[in-house]
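Let's take a walk through this one together, starting at the ligand and working outwards. Keep the viewer open as you read.

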Amino acid sequence: MKTLAIYSMKGGVGKTATSVNLAYWAARSGLKTLLIDLDPQGASSFYFRIKPAKKNWGKRFFKAYENLLKQIKASDYEHLDIIPAHLSFRNFDVILDGLNKRKGRLRKILKGMKKEYDLVILDCPPSIGHLSEAVFTAADQLLVPVIPTTLSERTFEQLLDFFREEDYSKKKILAFFSLVQNQKSMHKNTQESLRSKHSLFLKSVIPFSADVENMGEHRAPVDQFARNKPANKAYYELWKEVARKLK
Ligand SMILES: Nc1ncnc2c1ncn2[C@@H]1O[C@H](COP(=O)(O)OP(=O)(O)OP(=O)(O)O)[C@@H](O)[C@H]1O
Ligand SMILES: [Mg+2]
């Protein structure tokens with residue numbers, strides 16, 4: 001089982017849109033996938049219409065973990081389950097709070113699911129704190145959406161600095177350009193500049209697209225309502241590239 005966290009300390013960069021579409025493609029490719037919505041606003045849960053889970057989990061591990069498992073819900077898609085936000089967030093807070101070695105606790109909890117799932121995707125809220133550090137420890141890969149503007153460049157460098165200072169492995173970080181508008185020279189220049197400085201940028205790029213915005217209206221991944229559109233192809237390519245890195 002692999003854990004992929006979609007993370008940025010910046011808000012509104014496309015973390016949730018990416019989590020939802022990648023979770024969808026992962027499940028489509030046959031991986032048993034669990035999407036955990038850590039965002040207190042619960043956007044990921046909103047995009048998938050959630051049905052009650054059919055899974056019957058036994059009494060394992062400690063209570064908080066048990067409670068978390070009980071919250072697993074089936075989605076409309078085969079191989080894809082979800083832990084909705086308001087539930088998981090409250091529980092993770094409880095799990096991570098007041099415990100020693102809490103940084104490693106989330107990792108341990110997720111490892112307990114390895115028989116049931118091939119991939120866990122964490123849709124993270126935009127912050128840096130206890131929860132993020134637990135995420136940095138738990139994730140095999142951190143996928144960071146970066147909007148190619150000067151401001152995002154600085155935020156991205158801050159994340160790299162934090163990893164260096166706190167001794168997290170930089171190898172965990174994968175980045176990609178999100179909400180890209182290539183007609184803007186700032187977007188083009190920033191992509192060039194960041195690619196020349198850092199080798200951890202993926203080739204795939206997610207364009208700015210009304211089809212992604214429309215996920216809210218359709219409450220579904222892009223493939224379900226805009227199959228032949230560039231944004232859908234872009235998410236599929238991103239998934240394939242990420243899947244290769246997760247191996
Ligand atoms: N590629 C895109 N093109 C156009 N709009 C997009 C794209 N990706 C995301 N959006 C829109 O931008 C807004 C923010 O996207 P999203 O919720 O995925 O970001 P986020 O990083 O999860 O935000 P938050 O930090 O608040 O959790 C949403 O309204 C979404 O529909
Ligand atoms: Mg979000």
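Which polar backbone atom is 2.9 Å from an oxygen atom of ligand 1? That atom belongs to A17. One thing to keep in mind as we go: what you're looking at is a predicted model.

A17 has company. A backbone N or O atom of T16 sits 2.8 Å from an oxygen atom of ligand 1, and K15 joins in with its side chain, where an N or O atom is 2.7 Å from an oxygen atom of the ligand. On its own, ligand 1 has 620 Å² of accessible area, and the protein covers 80% of that. Altogether 16 residues surround the ligand, and the ones that come nearest are K15, T16, D39, P207 and S209.

P207 is a handy place to step off into the fold. It lies in strand β8 and stands opposite V180. Strands β7 (residues 173-180) and β8 (residues 201-207) run parallel, with 3 bridges joining them. To get from β7 to β8, the chain passes through α8, and this β-α-β crossover is right-handed.

Now for the charged side chains. Side chains of opposite charge can pair when their charged atoms come close. In this model there are 8 salt bridges, and a few are worth a look.

Start with K197, which forms a salt bridge with E153, the closest N and O atoms being 2.8 Å apart. K197 belongs to helix α8 (residues 185-197) and E153 to helix α7 (residues 150-166), so this pair links distant parts of the chain, 44 residues apart. Is E153 buried or exposed? With a relative accessible area of 14%, E153 is buried, because anything under 20% counts as such.

Next, D140 and R107 meet through their side chains in a salt bridge, at 3.9 Å from N to O. D140 lies in the loop between α6 (130-138) and β6 (141-146), while R107 is in helix α5 (residues 102-111), so the pair ties together parts that are 33 residues apart in sequence. R107 is partly exposed, at 28% relative accessibility.

For something more local, go to helix α11 (residues 230-246), where E237 and K240 lie 3 residues apart, about one turn of the helix. Their salt bridge has its closest N and O atoms 3.4 Å apart. Both ends are partly exposed: E237 has a relative accessible area of 40%, and K240 has 31%.

Last stop: R28, D223 and R227, which are linked in a network of salt bridges.

Definitions and conventions
Residues are numbered from 1 along each chain as its sequence is written. Chains are lettered from A and ligands numbered from 1 in the order in which they are written. This is a predicted model: local features need pLDDT of at least 70, side-chain atom pairs count only at pLDDT 80 or more; totals for chains, interfaces and linings use all residues. Side-chain values use heavy atoms; hydrogens and water are left out. A salt bridge is a side-chain nitrogen of Lys or Arg within 4 Å of a carboxyl oxygen of Asp or Glu. Helices (H or I, at least four residues) and strands (E, at least two) are DSSP runs, numbered from the N terminus. Buried means under 20% relative accessible area, exposed over 50%, partly exposed in between (1.4 Å probe, protein chains only). Two strands pair if DSSP finds at least two bridges between them. A crossover is right-handed if, with the strands pointing away from the viewer, the path from the first strand over the helix to the second runs clockwise. A residue is near a molecule or strand if one of its heavy atoms lies within 4 Å of it. A polar contact is a pair of N or O atoms within 3.5 Å; within protein, one must be able to donate a hydrogen and the other to accept it, and residues adjacent in sequence count only if both atoms are side-chain atoms. Accessible areas come from the Shrake-Rupley method with a 1.4 Å probe; for residues, only the protein chains shown count as cover.
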